[in-house]
Amino acid sequence: GLTMVLGLSVLRKLDRADAVEVYWTYVNHRAEQIGIVLHSEECLAHARLACLTRATAQDVQGVLASWKQLSPPDRSALTRHFLADGIGERTFMFTFLPKYLLAARANRNVGLARAFVVLVDILDKLEKEGFGDRSGSSTINVNLKELS
């Protein structure tokens, strides 16, 4: 529906703008559609999570409530992660992340808040083990298929 039309209209700008700008334009427009006001970096992370969880205007508050259950350091770690673009700055790209988040949200024994905590733990372990430093690439793929 509207999300597909939005995505296609933003992609048409790729011949006039760089990929990072086009991506964040999409995220900003999606945030507007579902009622997220973008006034801080953390709000940009909220918008990314809303996209990843395919949140609608009706269920975005549940995503934000799960986010608020996190400790400030965990919110900060996820904000840094979700704002890194993997082009100008190194980041981990979690393949199957939307599927992982959707499965966690659907499972009342897990929920999004616990899924976010697991992501923070994975990011912490990857950093401590130096996986980001071992790769010459600015984007390091991490497969979450088994968790989803």
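Which residue forms a salt bridge with Arg105? Select Asp59 to find the partner: the closest N and O atoms of the pair are 3.8 Å apart. A salt bridge here is a side-chain nitrogen of Lys or Arg within 4 Å of a carboxyl oxygen of Asp or Glu. This pair links distant parts of the chain, with Arg105 in helix H6 and Asp59 in the loop between H3 and H4, 46 residues apart. Helices are DSSP runs (H or I, at least four residues), numbered from the N terminus.

Before moving on, a word on the model. It is predicted, so local features need pLDDT of at least 70 and side-chain atom pairs count only at pLDDT 80 or more, while totals for chains, interfaces and linings use all residues. Residues are numbered from 1 along each chain as its sequence is written, and side-chain values use heavy atoms, with hydrogens and water left out.

Now color by accessibility. Buried means under 20% relative accessible area, exposed over 50%, and partly exposed in between (1.4 Å probe, protein chains only). Arg105 is partly exposed at 31%, and Asp59 is partly exposed at 28%.

Next, select helix H3, residues 41–52. At 1.5 Å times one less than the number of residues, its 12 residues should span 16 Å, and the end C-alpha atoms are 17 Å apart, which agrees. Because 9 of the 12 residues are buried, H3 is largely enclosed by the rest of the structure. Among the buried ones are Cys43, His46, Arg48 and Leu52. Show the surroundings in contact (heavy atoms within 4.5 Å): the cover includes helices H2, H4, H5, H6 and H7. Just after H3, look at Arg54, where phi is positive, near 55°.

Stay with H3 and pick Glu42, which forms a salt bridge with Arg75, the closest N and O atoms being 3.8 Å apart. Glu42 in helix H3 and Arg75 in helix H5 are 33 residues apart. Glu42 is partly exposed at 29%, whereas Arg75 is buried at 18%.

Then go to helix H7, where Lys128 and Asp124 lie 4 residues apart, about one turn of the helix. They form a salt bridge with the closest N and O atoms 3.2 Å apart. Lys128 is exposed at 66%, and Asp124 is partly exposed at 36%. The whole structure holds 4 salt bridges.

Finish at Met4, in helix H1, which is exposed at 55%. Add Leu8, Leu11 and Leu14 to see a nonpolar surface patch of about 410 Å². Such patches join nonpolar side chains (Val, Leu, Ile, Met, Phe, Trp, Tyr) within 5 Å, from residues with over 30% relative accessible area and no salt bridge; areas come from the Shrake-Rupley method with a 1.4 Å probe.

Note on methods: Helix = DSSP H or I, 4+ residues; strand = E, 2+ residues; numbered from the N terminus. Patch = residues over 30% accessible without salt bridge, like charges linked within 9 Å, V, L, I, M, F, W, Y side chains within 5 Å.
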